[in-house]
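Biologist: Hi! Could you pull up the structure so we can walk through it together?
Modeller: Sure, here it comes.

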Amino acid sequence: MAISLPFRRKRDAHLPDDERPPTTRRLDPLPSAKFRAEREGDWRRLEELLGRAERRSAAALTDEELLALPTLYRATVSALAVARETSLDRALIDYLEGLSTRAYFFLYGVRGRIGPRVRQFFRHDWPAAVLALWKETLASLLLLAAGTLAGYLLVRADSGWFMALAGGMSQGRTPDSSTQQLRDVLYKGGTDGLELLAGFLFTNNAKVALLCFAFGFLMAVPSTILILMNGLTLGAFLALYANHGIAGELTGWLFVHGTTELFAIVLAGAAGIRIGWAVAFPGRLSRMDGMAAAGKQAGTVMAGVVVMLFVAALLEGFVRQLVTTEWLRFLIGGTMLALWLAYFYGPAGRRP
Amino acid sequence: MSARIPRETKRVRMLVTPEGVPLPLELADAGQRAGAFLLDILILFGSIIAVTIFLFFVAKAVPGRATDRAAILLWTIGLFLLRNFYFTWFEARPRGQTPGKRALGLRVIARHGGRLTLDSVIARNALREVEAFLPITLMIQTLATQGYDTLIVLFGLGWTAIFLFLPLMNRDRLRAGDLLAGTWVIRVPKRPLLPELSAHAEETEFTDAELDAYGVFELETLEQVIRQAHAPAVATVTLTICQRIGRQHWSDDGGERDLAFLQAYYAALRGRLEQKLLFGKRRADKHDRT
């Protein structure tokens, strides 16, 4: 580089080395540095409290500390506003932005103890969300009924359809099974490995329901197909048993848990349809906002569907195998249905 | 560390707090999100394998059908819970981040900074079932039972690709779950409070003319150079400043002395610019003539 240096470099040996000015006196602090020194303690305290609260939960803080949190947050945010106007210390502004953001999301984000949130969910949020989806629920129910009817009629007309419709669910039941074999499945009780069965049924059904919901994203087309197919399988079984004249017994067998389980799947389908509708016809909202609103509402319903399926699995795994009296089966299933209806469409969801 | 990367303004959204102070939120980019997801998947698979091995040994150690059944039951339910609630559980906590997101400094928030509800977290994670888990299990099942079936694998890959590339097709880098739940994933890097630079400055007199050579942009660059204290950079910057303000200085090639000089100049320049700031004059950079 051929530039002439306007200052002398140390390497130039002929020049004296000790021209360092003797002044090592400190400057008066800048106003912005004073500003920082006065408030730094608050920021550090906020950072420490946040760290502790985020690591464990809000319960890790004492009442006094919890009360201090919003005050410290507001102090920090206003310090940030002042610093932006008066300070040019980039690192300080970055720090305050980061800290304010963290505190903001702690104070305004997901929070609160899990207990009251769960209680609120059961007392109001869940039934209210289900109630709000009544139209979609009706549509979903009609789809299921249509599928069942179609499956029933097809298998009644030609029992060759059964394997195609029931597929893997048949558990060894085929059109060639004898009436006695079919009847055995319904009444051969026993307690062997029931909890395993319940566990399996629960996870399996929950998966189906989650898919019904999640597929709603694709304009609900796969959701509706899933529900229709569920109906077809159901109808095929009914027809198979009807061919042997024991459809009533099958209904009783299904009724114990079916009222809960099918209700749950209908609700999952309704949630899927709700989302699909919001995607296809957003109406006055933007497509994104419409989808987000539908997604939240449907998310609440889905949390409830998982609970319902858990109940259904318990009924299916234990009660159905232990109770082999037919009228009792109808009674249990009917009671469950009445309870769900009263819960969802009764006063619980209408309370503000 | 806090090297001030010129923020890609396209990915920054301003959130105005109820106190009326705007906070910049930096949306996570697709790479960071993919990294966090991969980490979480590894943790998930790791825990599933660990649980399986553990239950297997328990069942071996304590013979009897009851233990076997209990082990299988625990395994079924444990797997279900892990698969469906791993993400939900972590994201519903105050941090709003799974271990993978935490490692990459990401967190989930409600769009536009509102309150993130449990429903949104459930909705965004239920969709993972369709986005990722369904095609993955489909492919694994095909490989395990029927051997290699090109059609199914291709279908699975195509399916995943649609959802995989969705974040690249919208401005906010949203995946399907975010669209549905109305959520954003933002970066929340840990920023420590760095020491006050002007506190260590030595008293050095600079004339107003010397200080008027630069503006805010140069000041912030200077701050970065001092904080990093990278010797060649310090030497170059010292040289440049001395040339510009026409001051003689003993350089020690980026050593203590140069640093002390820069600190002194930084403190003086900041003092002057901040003083002007009080009168509402902001000098953006050295080309700013106002």
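Biologist: How much of chain A counts as buried?
Modeller: In this predicted model, 47% of the 352 residues of chain A count as buried.

Biologist: And how many helices and strands does chain A have?
Modeller: Chain A has 12 helices and 0 strands. Read from the N terminus, the elements run α-α-α-α-α-α-α-α-α-α-α-α.

Biologist: What share of the contacts in chain A comes from residues 24 or more positions apart?
Modeller: Such residues make up 77% of the chain A contacts that have a separation of 6 or more.

Biologist: Let's talk aromatics. How many aromatic pairs are there over all chains?
Modeller: Searching the whole structure gives 22 aromatic pairs. One of them is Phe121(A) with Trp126(A), which is stacked, with 5.6 Å centre to centre and 5° between the planes.

Biologist: Are those two rings' residues, Phe121(A) and Trp126(A), buried or exposed?
Modeller: Phe121(A) counts as buried because its relative accessibility is 14%, under the 20% limit. Trp126(A) is also buried, at 2% relative accessibility.

Biologist: What about Trp277(A) and Phe281(A), how is that pair arranged?
Modeller: That one is tilted, at 4.8 Å centre to centre and 50° between the planes. Both Trp277(A) and Phe281(A) are exposed.

Biologist: Going back to Phe121(A), which residues share a cluster with it?
Modeller: Ring pairs link Phe121(A) with Phe122(A), Trp126(A), Phe263(A), Trp340(A), Tyr343(A), Phe344(A) and Tyr345(A).

Biologist: Over to chain B. Which ring does Arg128(B) lie over?
Modeller: Arg128(B) sits over the face of Phe87(B), 3.8 Å from the ring centre. Arg244(B) lies over the face of Tyr214(B), at 5.4 Å from the ring centre.

Biologist: How is chain B divided into domains?
Modeller: Domain 1 of chain B covers 30-187, and domain 2 covers 195-278. Their C-alpha centres lie 51 Å apart.

Biologist: Now the backbone. What is phi of Arg173(B)?
Modeller: Phi of Arg173(B) is near 55°, a positive value in a residue other than glycine. Arg173(B) belongs to the loop between α6 (150-165) and α7 (176-181) of chain B.

Biologist: Why does Arg173(B) count as partly exposed?
Modeller: Because its relative accessibility is 22%, and partly exposed runs between 20% and 50%.

Biologist: And phi of Ala229(B), what is that?
Modeller: Phi of Ala229(B) is near 50°, also positive in a residue other than glycine. Ala229(B) is found in the loop between α9 (216-228) and α10 (231-245) of chain B. At 40% relative accessibility, Ala229(B) counts as partly exposed.

Biologist: Last topic, the interface. How many residues from chain B and chain A take part in the contact?
Modeller: Chain B brings 89 residues and chain A brings 87. Between them the two chains bury about 8200 Å², with 61% of that on carbon and sulfur atoms.

Biologist: Which three residues of chain B supply more of its buried area than any other three?
Modeller: Leu193(B), Glu203(B) and Trp250(B), which supply 11% of the area that chain B buries against chain A.

Biologist: How many salt bridges does the rule find across the interface of chain B and chain A?
Modeller: There are 4 salt bridges across that interface. Among the salt bridges in the model is Arg270(B) with Asp89(A), where the closest N and O atoms are 3.7 Å apart.

How values were computed:
Residues are numbered from 1 along each chain as its sequence is written. Chains are lettered from A and ligands numbered from 1 in the order in which they are written. This is a predicted model: local features need pLDDT of at least 70, side-chain atom pairs count only at pLDDT 80 or more; totals for chains, interfaces and linings use all residues. Side-chain values use heavy atoms; hydrogens and water are left out. Helices (H or I, at least four residues) and strands (E, at least two) are DSSP runs, numbered from the N terminus. Buried means under 20% relative accessible area, exposed over 50%, partly exposed in between (1.4 Å probe, protein chains only). Domain bounds come from an automatic or database domain assignment. Rings of Phe, Tyr and Trp (its six-membered ring) pair if their centres lie within 6.5 Å; planes under 30 degrees apart count as stacked, over 60 as edge-to-face and the rest as tilted. A charge sits over a ring if NZ of Lys or CZ of Arg is within 6 Å of the ring centre and within 35 degrees of the ring normal. Contact means heavy atoms within 4.5 Å. Buried area is the accessible area (1.4 Å probe) that two parts lose on being put together, summed over both. A salt bridge is a side-chain nitrogen of Lys or Arg within 4 Å of a carboxyl oxygen of Asp or Glu.
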